[in-house]
Amino acid sequence: MVKRRLVSIGKWIVLVAFLIWTVTPILIVIVNSFKTAKDTFTDVPKIFFEPTLDNYVNAFTKSDIGLYFVNSAIVALSSTLIVIILAMFAAYGLTSFQLRFANTIANGFLLGKLVPVIAMLLPIFVIFNAVGLRGTLVGPVIAHVALNLPFAVWLLLGFFRDIPRELEQAAMIDGCTRMQAFWRVILPVVVPGMAAVFILSAQYSWNELLFSLQLTNLETYTLPVGIASFVGAISVDWGLSSAAATITMVPMILIGFFVQKYIAQGTTGGAVKG
Amino acid sequence: MTHSSAGKAITKRVAPNYARKDLRLAVFLILPAALAIFIIMIVPLGYALVASTFDYSLGQEDTAVFVFLDNYIRFFSDPVALQSLFNTVLFTVLSLTLCIGIGVGMSVALKSLSPRTGNVMRAIFAMPLLISPIIVSLIWRYMYDPTYGLIYYVLGLFGLEDFGGLTETATALYSIVIVDVWHAVPFIILVASAGLTMIPEELYEAARIDGAGALRTLFSVTIPLLTKTLVVLILIRGTDAFRVFDLIYGLTGGGPANSTTSLSIYAFKQAYENNQMGYAMAVAIVTLIGLVVLFGPFMRNSARGKED
């Protein structure tokens, strides 16, 4: 009895420690975004201070963060939409037709996880430079689609594999065509998988730096590129970059709270049941 | 299992009427995604492979000189390149081990809570996952700041303010591993938690009746039944760690004295700072080979696991 008690106390100490470890860095950056430089740079971290909105005013007036926000939203939404559509059809095609090479093709998709990003970046950079697409939002969108597709297809495969074939057969016996059966019967069942693909692809695209850095110009900067330009300099403007960081991460965290239960269901749909 | 075999039997009977039209539809459905991967990933990879056998700089492709394997020979006689290979492997092994260990441990602890508390905790634990690596590096640069950073403040309380952090070659890479663990453990927790919910409760029941303790249950029930999830986690997290770029770019840029230069960072520097395109491509191809050697076996396992 005493032993169980001790184990339970130990468990809670570990959990609370991990909670502090997880939350503190995030809170610090959010708190710093409301601090003046004088309050940020103190030897002893300052907990009580007079909040200011100056950093946010600066972010919107001295930098084009509003524009970057819009650019990021366009890139994240369009690349995610394309990923979902392509992955959904591919996963359905690979699971519902008893294709002989289905497993080989599915593995081929997963090989995409082995391609070093840098090996894709330079050739795409050269090609986009040649055809005049460099500096447009098309670059990051295309790159993010390719980077997200392998995992998305693989993740949805798990969901489609779990659907009993009888469901589809029944719909077709009732007079649906194959695609009608797909839209009306199959799709509603895999909504959690779609939600997982949505949040994982969207967060990747929203947060991705390397391609956006190399393929955009001042007018098409995304949020991470904008932040990198504050940080990359010799001295970091902590107030400004903390405000920009808060503006970037809070929307994603809020969306994440809404769909987080789907993430868990999604990433293991195929991998765990089996 | 029974579902799919029954499904197969039905399809076989119906198949002849549909076969040809079905095949066309299937190809039509799979082709766009396959083409997208092929055009945006495989074609550039082929380009990189060819480019790695030339010595040239960006914008001056006309003066490219064919050097065949010279860039690869150069890689293996270039101390910085070898160090970046070593850094990458060390980073991957450390980060992966810590992430899986802590992540699975936390998931097990979370599972023992009431569903409601567990879910709230999981949602909070998941937050770092959704933050951009460049922001993560920004936050942690502040945390690691020798004068104002919280880390040094806490270490100072224990008289450990001599810790080198990001500024000394001996500690910089380990300091980045800590940041990567902070960023990536949430992903492990999410996936492993879902994996744990799939383990039938009866097995724990049986272990309890047999008088197995908590540790015994962990190693005899939980871990073996989590194998498939673990393989997937190693594959996804491992390939991401091996390709690490953003985090190092934002935290140290590869310094001090190349002690945190990863293969991706080195390739990037060769391409965009030294304008050695052929060599940069060779470094990228070496990265690819490293990934295949380390994670190829896991990929085959995960595929085989899904066929049954």
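In this predicted model, Met106(B) is buried, because 23 other C-beta atoms lie within 10 Å of its own and 20 or more are enough for that label. The residue belongs to helix H3 of chain B, which covers residues 79-111. Leaving aside residues up to four places away in sequence, Met106(B) touches Phe125(B) and Ile189(B), and also Phe18(A) from the other chain. Met106(B) also shows how folding can bring together parts of a chain: Ser193(B) is 87 residues away in sequence, yet the two C-alpha atoms are 8.8 Å apart in space.

Phe125(B) appears again where two helices from the two chains pack together. Helix H1 of chain A (residues 2-32) and helix H4 of chain B (residues 115-125) have axes 10 Å apart and cross at an angle of about 35°. On the chain A side, the meeting residues are Leu15(A), Leu19(A), Thr22(A) and Val23(A), and their partners in H4(B) are Met121(B), Ile124(B) and Phe125(B). This contact is made by 6 nonpolar residues and 1 polar residue, with no charged ones.

The helix pair leads on to the whole contact between the chains, to which chain A gives 83 residues and chain B gives 82. On the chain B side, the most residues come from helix H1 of chain B (residues 2-51), which supplies 22. Sorted by class, this side of chain B holds 60 nonpolar, 14 polar and 8 charged residues.

The interior can be followed through the largest nonpolar core, which has 165 residues. The members that touch the most others are Ala87(A), Leu149(A), Val153(A) and Leu156(A) in chain A, together with Ala33(B) and Val283(B) in chain B. Val283(B) makes a handy example: beyond residues up to four places away in sequence, its contacts are Phe75(B), Ala81(B), Leu263(B), Tyr266(B), Ala267(B) and Gln270(B).

Other parts of the model are in the open. Leu53(A) is exposed, because the number of other C-beta atoms within 10 Å is 11, and the cut-off for exposed is 12 or fewer. This leucine, Leu53(A), sits in the loop that links helix H2 (37-40) to helix H3 (54-62) of chain A. Its C-alpha atom is 50 Å from that of Tyr92(A), a residue 39 places away along the chain. In chain B, helix H8 (residues 201-209) lies largely in the open, because 0 of its 9 residues are buried. After H8(B) comes Gly211(B), with a positive phi near 80°.

Seen as a whole, chain A contains 13 helices and 0 strands. Its C-alpha atoms occupy a box of roughly 75 × 70 × 35 Å along the principal axes. The radius of gyration of chain A is 23 Å, whereas a compact globule of 274 residues would have one near 19 Å. Of these 274 residues, 49% count as buried. Among contacts between residues at least 6 apart in the sequence of chain A, 77% join residues at least 24 apart.

Confidence also varies along chain A. The mean pLDDT of the chain is 83, and 91% of its residues score at least 70. Among its elements, helix H4 of chain A (residues 65-95) has the highest mean, 93, and H2(A) the lowest, 74. Over residues 266-274 of chain A the pLDDT is below 50, although this stretch has 41 contacts in the model beyond near neighbours in sequence.

Definitions and conventions
Residues numbered from 1 in each chain as written. Chains lettered and ligands numbered in written order. Predicted model: local features only at pLDDT ≥ 70, side-chain atom pairs only at ≥ 80, totals over all residues. Contact = placed C-beta atoms within 7 Å. Helix = DSSP H or I, 4+ residues; strand = E, 2+ residues; numbered from the N terminus. Nonpolar A, V, L, I, M, F, W, Y, C, P; charged D, E, K, R; others polar. Core = buried A, V, L, I, M, F, W, Y, C linked by C-beta atoms within 7 Å. Rg over C-alpha atoms; globule rule 2.2 N^0.38 Å. Axes fitted to C-alpha atoms, helices over the stretch in contact; angles between N-to-C directions. pLDDT = per-residue confidence, 0-100.
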